[in-house]
Amino acid sequence: MPTLDDLRKDIDRVDEVLVRLLNERARCACEIGRLKKELGVEIYQPEREKEVLKHVREVACEGPLGAEAIGRLFERIIDEARRLERRVVHGEDGILKNEDGNLKSEI
């Protein structure tokens with residue numbers, strides 16, 4: 001039977017993976033923002049957001065959180081992605097890149 005410390009270490013490990021994945025998603029959102037700016041497309045895409053939420057709610061059936069909890073989490077993730085896209089479109093500072101040109105910092 002795992003100890004409390006063992007379980008906390010598992011959570012720490014999962015949190016590290018989640019942070020990396022969220023940052024990868026944020027980098028994609030920044031690139032989408034650049035494309036939207038180039039194409040003259042609106043940042044807010046309510047139909048796309050509905051599709052994303054529908055998709056993650058469907059995937060939620062695989063775990064204990066449930067569709068509504070996952071939906072709430074992703075609403076917040078989408079809000080942050082939209083914020084990143086707006087900053088990219090409006091040319092705000094804060095997007096740092098590493099030597100290979102990949103995004104590396106929070107906006």
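These are exercises with worked solutions on a predicted model of one protein.

**Exercise 1. The overall build**

Task: State how many helices and strands the protein has, and in which order the elements run.

Solution:
- Step 1. Count the elements: the protein has 3 helices and 0 strands.
- Step 2. Read them from the N terminus: the order is α-α-α.
- Step 3. Turn to burial: 21% of the 107 residues count as buried.
- Step 4. Turn to contacts: among those between residues at least 6 apart in sequence, 49% join residues at least 24 apart.

**Exercise 2. Helix α1**

Task: Compare the reach of helix α1 with the expected span, then find which residues of α1 are buried.

Solution:
- Step 1. Take the limits: helix α1 covers residues 4-39, which is 36 residues.
- Step 2. Take the span: from first C-alpha to last, α1 reaches 51 Å, close to the 52 Å expected at 1.5 Å a residue.
- Step 3. Pick out the buried residues of α1: A26, A29, C30, G33 and K36.
- Step 4. Relate this to helix geometry: an α-helix has 3.6 residues a turn, so residues three or four places apart point the same way.
- Step 5. Ask what covers the buried residues of α1: the cover includes α3.
- Step 6. Look just past the end of α1: G40 there takes a positive phi of about 70°.

**Exercise 3. The packing of α2 and α3**

Task: Describe how helices α2 and α3 pack, and which residues meet.

Solution:
- Step 1. Locate the pair: α2 spans residues 46-59 and α3 spans residues 66-89.
- Step 2. Give the geometry: the angle is about 145°, and the axes are 9 Å apart.
- Step 3. Give the hand: the crossing of α2 and α3 is right-handed.
- Step 4. List the α2 side: E49, V52, L53, V56 and R57.
- Step 5. List the α3 side that they meet: A67, E68, I70, G71, F74, E75, I78 and R82.
- Step 6. Sort the contact of α2 with α3 by class: 7 residues are nonpolar, 1 is polar and 5 are charged.

**Exercise 4. E85**

Task: Decide whether E85 is buried or exposed, and identify the side chain that it joins in a polar contact.

Solution:
- Step 1. Place the residue: E85 lies in helix α3.
- Step 2. Apply the cut-off: the relative accessible area of E85 is 8%, and buried means under 20%, so E85 is buried.
- Step 3. List the contacts of E85, leaving aside neighbours within four places in sequence: A29, I32, G33, K36 and I43.
- Step 4. Find the polar partner: the side chains of E85 and K36 are joined by a polar contact of 2.8 Å.
- Step 5. Check the partner: K36 is among the buried residues of α1.

Methods: Residues numbered from 1 in each chain as written. Predicted model: local features only at pLDDT ≥ 70, side-chain atom pairs only at ≥ 80, totals over all residues. Heavy atoms only, no water. Axes fitted to C-alpha atoms, helices over the stretch in contact; angles between N-to-C directions. Helix = DSSP H or I, 4+ residues; strand = E, 2+ residues; numbered from the N terminus. Left-handed = near helix turned anticlockwise from the far one by under 90°. Contact = heavy atoms within 4.5 Å. Nonpolar A, V, L, I, M, F, W, Y, C, P; charged D, E, K, R; others polar. Expected span 1.5 Å × (residues − 1). Buried < 20%, exposed > 50% of the residue type's maximum accessible area, 1.4 Å probe, protein only. Polar contact = N/O pair within 3.5 Å; in protein donor to acceptor, adjacent residues only side chain to side chain.
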